[in-house]
Structures are given as structure tokens and as C-alpha cells.
Amino acid sequence: MSRYPTRHAVSAGGLVIDDRPSGRWVLLIARRNQAGTMQWTLPKGGLEEGEDHAAAAIREVREETGIECVITGELGVVDYWFVWRDDGVRYHKYVHYFTMRPLTGSLTGRDDEADDVAWLPFDEAMARLAHHNERQVVGRATPVRPSR
């Protein structure tokens with residue numbers, strides 16, 4: 001039996017892909033963790049009242065990156081456990097991920113939830129991602145090799 005009460009949380013997010021002549025680029029955000037270290041992740045966040053997973057993913061990507069996107073596929077669900085120190089609750093979180101294609105927008109049009117946002121070549125994005133489960137999700141989107 002856990003010493004913490006347990007709750008479930010649901011979020012949705014996206015892997016924004018831009019296939020360029022130089023190869024596949026993806027969009028990541030960075031936030032500082034509790035220790036102050038910058039951690040690169042996929043944009044994601046909680047569902048608002050009446051939203052489904054897809055609508056939440058599109059909204060969260062737009063808010064955190066400034067880029068309006070369209071969903072092109074589903075990447076699956078990642079689940080993990082964590083304890084939120086502020087409320088002493090243990091959470092079992094489920095994050096629904098989608099592949100997305102950028103339509104319009106600018107990285108300067110984002111909110112202040114993320115400390116940084118960057119387009120990165122696929123391999124560099126894989127190396128920067130802080131969480132193993134997100135690397136697995138991104139790995140499902142096989143990189144496009146540049147044309148010669």
C-alpha cells in the first residue's frame with residue numbers, strides 16, 4: 001500500500017515533423033526540472049473541459065511552441081508514475097501522442113510554459129530528449145534520409 005493517495009491524469013501531445021531536403025526535423029520544448037536542469041521533451045499538456053485527446057494535443061502544441069499543426073497519425077500512449085511534491089499525491093499519468101505536420105506560426109508566438117523551443121534534426125532531437133519513454137515514441141517516426 002502506497003503512503004500517497006493515487007490519482008490518474010491524462011495528457012496529450014505531439015511530435016511535430018518537418019521533412020526537409022536535409023532530412024527529418026522535429027520540434028521540441030525545454031523546461032527546467034526541480035534541480036534547475038534543462039530537460040528537452042515533446043510538447044504536451046492536460047485536457048480541458050470537453051476536449052478529446054486530439055484537440056488537446058493540437059492546442060498544447062500551439063500554446064507551447066507557437067506552431068499551428070494538423071494531426072497526421074497516432075503514436076500511441078505512454079504511461080508513467082510520479083509523486084507531485086506540492087500535493088503529496090502519486091499520479092499514474094497517461095499521455096496520448098500524435099504525429100503532426102506544421103501549418104503556420106512562429107516560435108516567437110508561444111506562451112511562457114516552456115523555457116525554450118527548437119527545431120532539431122531527428123538524430124539530435126533523439127539525443128536531447130530527457131525521457132526514455134519519449135525517445136521510444138519519437139523512434140516510431142523513422143527519420144527520412146536526405147535525398148542525394
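Which side chain makes a polar contact with the side chain of Glu 134 at 2.7 Å? In this predicted model, the partner turns out to be Tyr 97, whose side chain meets that of Glu 134 in a polar contact of 2.7 Å. A good way into the structure is to start from Glu 134 and work outwards.

Glu 134 sits in helix α3, which covers residues 132–139. Is Glu 134 buried or exposed? Its relative accessible area comes to just 2%, and since the cut-off for buried is under 20%, Glu 134 counts as buried because 2% falls below that limit.

So much for the setting; next come the neighbours. If residues within four places in sequence are left aside, Glu 134 touches Trp 40, Thr 41, Leu 42, Lys 44, Tyr 97 and Leu 129. Besides Tyr 97, the side chain of Glu 134 has a polar contact with the side chain of Lys 44, at 3.2 Å. The Glu 134 side chain also gets to a backbone atom, namely the nitrogen of Leu 42, at 3.1 Å. Leu 47 makes another reference point along the chain: it is 87 residues away from Glu 134, and the C-alpha atoms of the two are 19 Å apart.

Two of these contacts lead straight into the strands. Tyr 97 belongs to β6, where it stands opposite Gly 13. That pair is part of the match between strand β1 (residues 6–20) and strand β6 (residues 89–105), which lie parallel and share eleven bridges. Lys 44, for its part, falls in strand β4, made up of residues 44–46. Strand β4 also pairs with β1, this time antiparallel and through three bridges. In that pairing, Ser 11 has Gly 46 of β4 as its bridge partner.

And what about β2? Strand β2 (residues 23–32) runs antiparallel to β1, and four bridges hold the pairing on record between them. Here Asp 19 stands opposite Arg 24 of β2. The link between β1 and β2 is a hairpin, with two residues making the connection.

Put together, the picture runs from a buried glutamate in helix α3, through its polar contact with Tyr 97, to the parallel pairing of β1 and β6.

Terms used: Residues are numbered from 1 along each chain as its sequence is written. This is a predicted model: local features need pLDDT of at least 70, side-chain atom pairs count only at pLDDT 80 or more; totals for chains, interfaces and linings use all residues. Side-chain values use heavy atoms; hydrogens and water are left out. Buried means under 20% relative accessible area, exposed over 50%, partly exposed in between (1.4 Å probe, protein chains only). Contact means heavy atoms within 4.5 Å. A polar contact is a pair of N or O atoms within 3.5 Å; within protein, one must be able to donate a hydrogen and the other to accept it, and residues adjacent in sequence count only if both atoms are side-chain atoms. Two strands pair if DSSP finds at least two bridges between them.
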